[in-house]
Amino acid sequence: MSEYSDSDVDGVMTDRPPSSYGSMHSDDEEEDGKDDFEPPLEPTETKVRLYRSGSPETAITERTHTNRSSIYQDGPFLRQQSIIHREASPPRHEEPMTLEQSEVRSDVRTDRALNEELDDREMCETEMQEPSNESAAMEVQEEQSKEPVYDFDEIVVHFEEPMEPPPPPPEGAGLQFRHTHSSLTLRHVLMAMVNSLGQLRRSEMSYYKRSLSTHCNFKKNYSVIADLTDALDVADKMIEVCKLGEALYLTVRNLQSIGRDDLAKTLRKTCRRALLVYDLKEVLDRRYYYLYEGRCRPGQQRYISDVYVEPVTVIRGSREPINLENEVQRIPYTVEETPIRAADIFRPLPPEQKPIRTVMMTGIPACGLTVAVNKFVIDWMEEKNNQDFQFVFPIPAREWHIGKRGQLSFLETLSSYFGEAENIGFLEKEDCLSLFIIDGLEVCRHQLDFENNETVTSARKKAPLDALLTSLIKGTLLPNACVWITSHVTAAHKIPANLIDRFVELRGLTDENKEEYFTKRTTEPEVGRKVYNQMKRSKALEIICHLPLFSWMVAFIFERAFRDPEYGKHPPGITAFYSQYIVVQMNRSFEKYRGCNVEAQRWKDEDKTFLDMMGKMAYRMIQEGRDWFNVADLRSVNLTYEDLRTREELTTEVRRASKDVETWVFKFVHVTIQDYMAAMHVYVAFRKHAKNVFISSQMSWLQGTSKDRPVIEMYRPAIDRMLASPNGHLDMFLRFLIGLVTPGTEDNLRGYLLNHYHPKAKGTEDVVKYINKKMKESIHPDRCRNLKLCLVELEEGKEEK
């Protein structure tokens, strides 16, 4: 919770009367100074205990002896003249006992007698006090006179809401059009804490403060509360030191520790929402404040604020999600749809009047959907954006099958993911605006049958999880709540379009975003600028870095390399980055669909076959001059739609005309990924199977089947075909094909598509000679430029630069 200044507290309890809440300086300090106690009597065999009114250990001693034995509750107590049993106790006087008379009495008491005397003294002191401000007294009495409404989940105390709405929030602040709910305000929480602490006896208050001393915020600063006796002073100081939510949590916990479970229970119900917000933010802080870039690597977490750059977010139109910008085709990257800030996805835009309840955010793999969710949650938790949401519950779709089995109510299901959210029926109330985030719909194992599932209207009604999810999305369950669904484009069709109020799409990073990312993620800005400048040297690398995952790979490799003083001479070519990208994306798909254990992460033969066959299909697509494929194309290379769905990190769906899978159209996430996959298939076929795809099978058989044949036999026809291309559609394909032969790049394929101990390539010198020979001939300037870039990908070409 945000910090509150003393002025805020003073605004809540201005001129409070001592009769109701006390004052910031206790009114009985002068009287306390007169309590000069006499030396205690020596203990006798009558099993009585000593009571020293001015001893700071009284609360601890009293509590300890009370728990150890009951003899002090029923045994005799000693006065000045005689020993009188409890049954023979004299009647209580209506007039208060003076301080001089009390000092004459003996200091030996039983617990019950002590408590009765303390109650009398506190009552008398309260009656002797006079209100210092009549108007403030009437205000406090009015607040106390409001009868609370007892709900089975919370105690509701009604406050008058401000008549005027708050000022409209700026762009990027999200939903902040409402006043803070009364149960979450400083006024409500402070009054509830004061009412609970005000019912403590003096000894209990002392023990309560001693219990606070064990907390880290008071361990070294116990003196700030040690001398406070007034309930408002203690509550005010706790909020000042610990902030509102933590102060409330400590109050409930310490009331339980001193045995006042009744007060703790009442306070918990009175401030149920504020406690849930605190507990929820503590959980979200642990889960979302850090993130793993790329893959999960222990010890490699990063603060999300150190690496997050807001990508381009648009309200989806008719354009395909693929970035069509290409180094050869020179198609500029433009945003044709309506741009929107990531925090404003639930905010109605002019001239919209209808509230936005359900939002579907889509994007291609590696565009940063999950990171966008993390940032949204962190900004809400830090009270930066979307404060109209009282609660935010992110539930990753991959965890839905981990919860409890059988039919459960929605509240029971929610509590299985968030233990703090147990018995929170107030979610169904109209004044409770909450947000449920369904992240990663593509990994959902439930059918989400919107047509046949039963309709659930109560959060307490038990039903299958599939029915609860469909009812939540349709709005029959928790109609006042908002739902945010993130999904790859392929799985977005699981939700009927008529149930979605707004479709938004992540488009990746712009050039300004890239520069910000490279300089922001490192503690050495100079290194970040070097990485950015190095990335811009390659137009193809600059284009593909619109994917945040690819930008991370470039930054990770270049940052480590630039710290090596001998690195700058031979930076890696773009082929090495694409090889790493394919491996990383395959591993991420294993984590998503199989799990994170060692066995699930192991590459299987069908995974290697999948990559090889996708490369074979990509090569066919290049020959035919198209960049899309369908299920029929998958079958032509012995693959199925299920094979593609569980390894979808390299492709995305772009069009779906009907529910018939045969009509669905797919593309690689970028056209250069298609070029690389085709080149990888051609290279592996030659190096592993001794098959040259550029010549007929009969001619390949005549040339031999040795796996260590000179690579010039493969590159000579490839270069000739590239030079014969009228539109340059083979330029990137040839650049990747030549880049794969370098030792550093080929090593990335060992253990995956190549054997670990595969013989090194022979004849790379002849490739360089042949390229130089062709560059001297009269060829198209663009083809000649591409041959120069091919030399950059070769180790020998780098040495000649």
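Start with Phe436: at 1% relative accessibility it counts as buried, because the cut-off for that label is under 20%. Keep in mind that this is a predicted model. Phe436 sits in strand β13, and if you skip residues up to four places away in sequence, Phe436 still touches Phe393, Phe410, Leu414, Leu427, Leu472, Leu478, Ala481, Cys482, Val483 and Trp484. As for Ile473, that residue is 37 residues from Phe436 in sequence, with 9.8 Å between the two C-alpha atoms.

Now for the empty space. Rolling a probe the size of a water molecule over the atoms shows where such space is left. Here the structure holds seven cavities of 30 Å³ or more, and the second largest has a volume of about 120 Å³. What lines that second largest cavity? There are 13 lining residues, with Ile395, Trp400, Phe410, Leu469 and Leu472 nearest the centre. Strand β13 (434-439) turns up again, since at least two lining residues come from each of β13, α18 (410-417) and α19 (465-474). Sorted by class, the lining has twelve nonpolar residues, one polar and no charged ones.

Further along the chain, take a look at a helix pair. Two packed helices are described by the angle between their axes and the distance between the axes. For α21 (residues 525-536) and α23 (residues 548-562), the angle is about 120° and the axes are 9 Å apart. The crossing of α21 past α23 is right-handed. On the α21 side, Val527, Lys530, Val531, Gln534 and Met535 make the contact, meeting Val554, Ala555, Phe558, Glu559 and Phe562 of α23. By class, that contact has seven nonpolar residues, one polar and two charged.

Notes:
Residues are numbered from 1 along each chain as its sequence is written. This is a predicted model: local features need pLDDT of at least 70, side-chain atom pairs count only at pLDDT 80 or more; totals for chains, interfaces and linings use all residues. Side-chain values use heavy atoms; hydrogens and water are left out. On a 1 Å grid over the protein atoms alone, a cavity is a set of points where a 1.4 Å probe fits but cannot get out, and a pocket is an open set with protein on both sides within 12 Å along at least five of seven lines; lining residues have an atom within 4 Å of a point. Grid points are joined across faces, edges and corners, and a volume is the space filled by probe spheres set on the points. Helices (H or I, at least four residues) and strands (E, at least two) are DSSP runs, numbered from the N terminus. Ala, Val, Leu, Ile, Met, Phe, Trp, Tyr, Cys and Pro count as nonpolar, Asp, Glu, Lys and Arg as charged, and the others, Gly among them, as polar. Axes are lines fitted to C-alpha atoms, for helices over the stretch in contact, and angles run from 0 to 180 degrees between N-to-C directions. A crossing is left-handed if the near helix is turned anticlockwise from the far one by less than a right angle, and right-handed if clockwise. Contact means heavy atoms within 4.5 Å. Buried means under 20% relative accessible area, exposed over 50%, partly exposed in between (1.4 Å probe, protein chains only).
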